[in-house]
Amino acid sequence: MSNENKKKRKMPSFMGPLMAIVILSIILTIVSDTFLSVNNWMNILRQAAINSMVSCGMLMILLTGGVDLSVGPIVALSSCAMGVLMQHGVTNAFLLMASALIVGVVCGGINGLLFTRLQLPHPFVSTMGARQVYRGLALLITGAAPIAGFSPAVTFVGSANIGNFPVCFIVVILIFAVVGVFLNQTALGRKIYSVGGNKEAARLSGINVPGTLNFVYIMSGFMCAVAGIIMVGRVGTATPLAGETYDMDAIAACVIGGASFNGGKGTISGTLIGALLIAVIRNGLNLLGAQTDIQYIVIGIVIILAVFVDVVRGNAAVTARRKERAKEQAAA
Amino acid sequence: MEEVRAVGDVIVELRNIRKEFPGVTALDNMNLKLKAGTVHGLIGENGAGKSTLIKILTGVYTPEQGEIYVDGEKVEFKGPADSKEKGIACVYQELNIVKELPIVDNMFMGSYVKKKSGLLDYAYMNKKSEEILQGMGQDISAGEMCGTLGMGQQQMVEIGKAVLLDARVIILDEPTSSLGEKEAAELFRTVNILKGRGVSIVFVSHKLEEIFEICDDVTVMRDGQFISTTPSKEMTKDRMIAQMVGRPLNNLFPKIDTTPGETVLEVSHLTREGEYYDISFQARKGEILGFAGLVGAGRTELMHGIFASVVPDSGEIKINGKTVSYKTPQGAIKHKIAFLTEDRKQQGLVLSESIEKNLTLVNIDSLKKGIFVEFKKIQEQAQRCIEKFQIRTPSADKAAGELSGGNQQKVVIGKWVNSDAEIYIFDEPTRGIDVGAKIEVYNVMNELVSQGKCVLMVSSELPEIFGMCDRVIIMREGRKMGEVSKEEEHFNQEDVMKAAWGGKLS
């Protein structure tokens with residue numbers, strides 16, 4: 001029951017990727033003279049912001065043992081909704097951003113209901129279908145053309161800096177802090193872990209499982225909409241075809257941070273570090289002049305390595321436990 | 001099939017077979033002779049060792065002691081393949097049918113016949129499958145999808161597989177448990193056809209009438225021991241039951257006497273088609289009400305109905321005299337019902353999470369201050385439970401999956417006691433846990449009833465039922481067969497067993 005004990009168990013979940021960031025930074029500092037500068041680091045944070053937001057929602061879904069393949073199209077659709085409303089004369093920045101959030105929440109809600117109400121076999125299937133629908137809707141409402149011309153008030157979140165620090169990453173930090181507190185210190189947050197760990201036990205313990213699942217999909221939609229708002233600020237346009245790789249990037253960040261596809265395992269801090277690691281790798285390789293092909297290969301290897309390390313660690317823990325038990329039995 | 005075996009020749013013989021698992025002897029001193037052209041019944045209570053015996057015959061388990069003879073020759077089964085080669089086949093209760101494939105593929109799976117070209121010879125296989133099924137009195141096309149067949153016909157396909165392999169011994173493990181009357185009659189017809197061909201059939205059943213109807217000999221088992229083999233003509237129901245339960249009650253049970261109070265739970269005509277029918281009973285404060293019966297009698301299903309984790313089709317539940325209607329476990333919990341499920345790992349605990357957290361599964365919403373949970377309260381609750389239920393663990397942070405079965409059960413108990421329920425359903429609460437932990441579980445029940453709570457206990461261990469319960473409801477095939485309380489003369493193992501096997505209580 002000691003606190004030390006607790007720390008010992010929680011530390012390792014993101015220590016690996018954090019160490020990777022540190023080591024990578026040291027190497028990049030040596031080989032590139034532009035890497036270790038305030039400007040470059042602010043760039044990294046800016047580049048990590050969208051993926052961080054999407055990953056935050058994805059983590060909650062992974063915790064329940066699900067997955068959301070429709071995140072990219074939701075990002076695109078929510079930002080395009082802002083664009084279309086703007087074209088129709090809505091100028092109020094808050095109204096525009098609220099509309100994006102509503103679109104995200106509705107899309108997430110639909111994903112949840114497809115899974116919990118229609119009882120499609122796995123969210124992999126339902127969100128794969130929804131992914132096509134949302135993408136199609138984004139193309140439909142924009143006539144397949146990107147929309148530019150947002151007012152500075154709208155692009156503020158995605159493009160502005162306070163001092164040197166990007167506003168979009170302040171948003172990330174705030175939301176991650178709130179979600180972290182939510183997951184660990186509220187009843188619903190803790191129920192998400194329980195549902196992911198054992199759905200049937202959760203149901204028979206009186207936990208509202210469909211409600212919990214609906215909630216995480218809605219949250220994912222919401223986070224995608226926030227990512228959409230950031231994206232509009234960063235690139236200046238709402239693009240219906242944006243976000244083709246967001247699903248995989250987000251899953252990668254969560255998994256690197258220690259989340260499990262089987263549900264019940266994963267932390268918000270690990271996810272943030274996972275997203276940052278991906279951004280550092282991309283940034284470093286860019287500075288070194290590597291093309292996207294190399295970036296794909298490196299990030300792929302990092303994902304596999306991260307999961308592999310996790311598996312090895314898990315097996316080691318099981319072995320240690322077995323030996324400990326044998327020792328206990330021998331003593332008794 | 002041309003080869004005719006003399007009826008009565010011993011095909012397989014087991015002598016003094018002993019099988020041990022860590023901590024238990026599953027089978028000891030087991031003897032069995034399976035003769036050509038006869039049907040051999042195998043009966044015993046739950047846990048009597050029938051399944052272990054089947055697995056020895058099919059080579060899944062290797063016995064620690066004893067010999068197996070086939071055609072008078074001593075053999076050793078190193079694995080299922082050896083047993084199969086000697087012509088022993090088993091049709092398990094859970095059928096091994098791929099529903100998405102047609103009959104012919106299911107029949108020939110693993111022994112596909114190829115043409116010279118290397119492609120599968122479906123023409124031959126179809127013909128052969130249909131021939132075999134027709135020989136068993138079944139007129140089904142080999143192209144039919146197995147998923148569209150009824151349970152009876154699916155079973156026929158399984159038996160057909162055995163016939164295709166020219167099995168000389170076919171074990172039917174509770175073959176009628178999922179069949180209707182008509183299908184069962186069909187099955188018996190097929191069994192008689194096979195018997196006429198000299199096949200030796202082992203017939204495991206929980207239905208005594210069937211044993212008398214179809215079997216030539218019957219072997220009774222109890223607690224892993226061989227009790228007797230008798231020609232079924234010379235056997236009587238009463239003798240079978242006496243042989244199955246004939247074990248003394250020991251003093252493992254720390255039962256305390258309480259005076260039951262008013263009725264708290266009243267169930268009327270609860271029905272869920274295919275699971276349980278027209279169940280009515282009352283349970284009072286301060287009493288332990290037992291549910292006895294064989295595995296598959298519908299007791300667990302009934303408890304899921306009361307807890308609304310599987311909603312009943314019809315019927316009424318009253319709690320404290322008021323009719324209640326809830327359709328989810330949440331609703332049941334609001335009415336202060338707790339359900340300690342049979343399967344701790346799958347249904348009771350989140351194994352990957354800590355003891356502390358598992359203890360909050362039901363009552364987390366009452367440990368909040370505003371929107372935040374109170375860690376201090378959670379920790380206090382965990383410490384309280386660990387002490388009170390003597391959960392053996394170095395810390396409340398340990399994952400539930402790392403605990404022993406008994407300690408896991410105590411966490412489940414703790415989880416529910418924290419919910420402050422009034423009605424506790426214990427489903428097989430001591431299955432798979434050691435004697436010490438069992439007594440601790442019984443003590444918890446004692447404490448609950450002495451506080452005036454109501455306990456329902458489903459148990460397949462009769463000594464436990466008689467050791468702990470004030471009253472017993474006996475179920476069979478989804479129906480209530482009777483009810484006896486401690487004071488009545490029928491409150492004994494033999495009479496209750498008789499009812500569980502389909503007899504009358506008086």
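In this predicted model, L456(B) touches a whole crowd of residues (contact means heavy atoms within 4.5 Å): L265(B), F281(B), A283(B), L289(B), F291(B), M303(B), I306(B), Y424(B), I425(B) and F426(B), leaving aside residues up to four places away in sequence. L456(B) is also among the residues that touch the most other members of the largest nonpolar core, which has 128 residues. Such a core is a set of buried Ala, Val, Leu, Ile, Met, Phe, Trp, Tyr and Cys residues joined through side-chain atoms within 4.5 Å; buried means under 20% relative accessible area, exposed over 50%, and partly exposed in between (1.4 Å probe, protein chains only). Helix α15 (residues 435–450) of chain B gives this core its largest share, 7 residues. A second, separate core has 99 residues, including V209(A) and Y217(A).

Not everything buried is nonpolar, though. R344(B) sits in helix α11 (residues 344–348) of chain B, helices being DSSP runs (H or I) of at least four residues, numbered from the N terminus. R344(B) is buried but has no salt bridge, that is, no side-chain nitrogen of Lys or Arg within 4 Å of a carboxyl oxygen of Asp or Glu. The nearest side chain of opposite charge (Lys and Arg count as positive, Asp and Glu as negative; His and the chain ends are not counted) is D343(B), 7.1 Å away. Among the residues that R344(B) touches are Q408(B), Q409(B) and R431(B).

Residues are numbered from 1 along each chain as its sequence is written, and chains are lettered from A in the order in which they are written. Local features need pLDDT of at least 70, side-chain atom pairs count only at pLDDT 80 or more, totals for chains, interfaces and linings use all residues, and side-chain values use heavy atoms, with hydrogens and water left out.

Conventions:
Helices (H or I, at least four residues) and strands (E, at least two) are DSSP runs, numbered from the N terminus.
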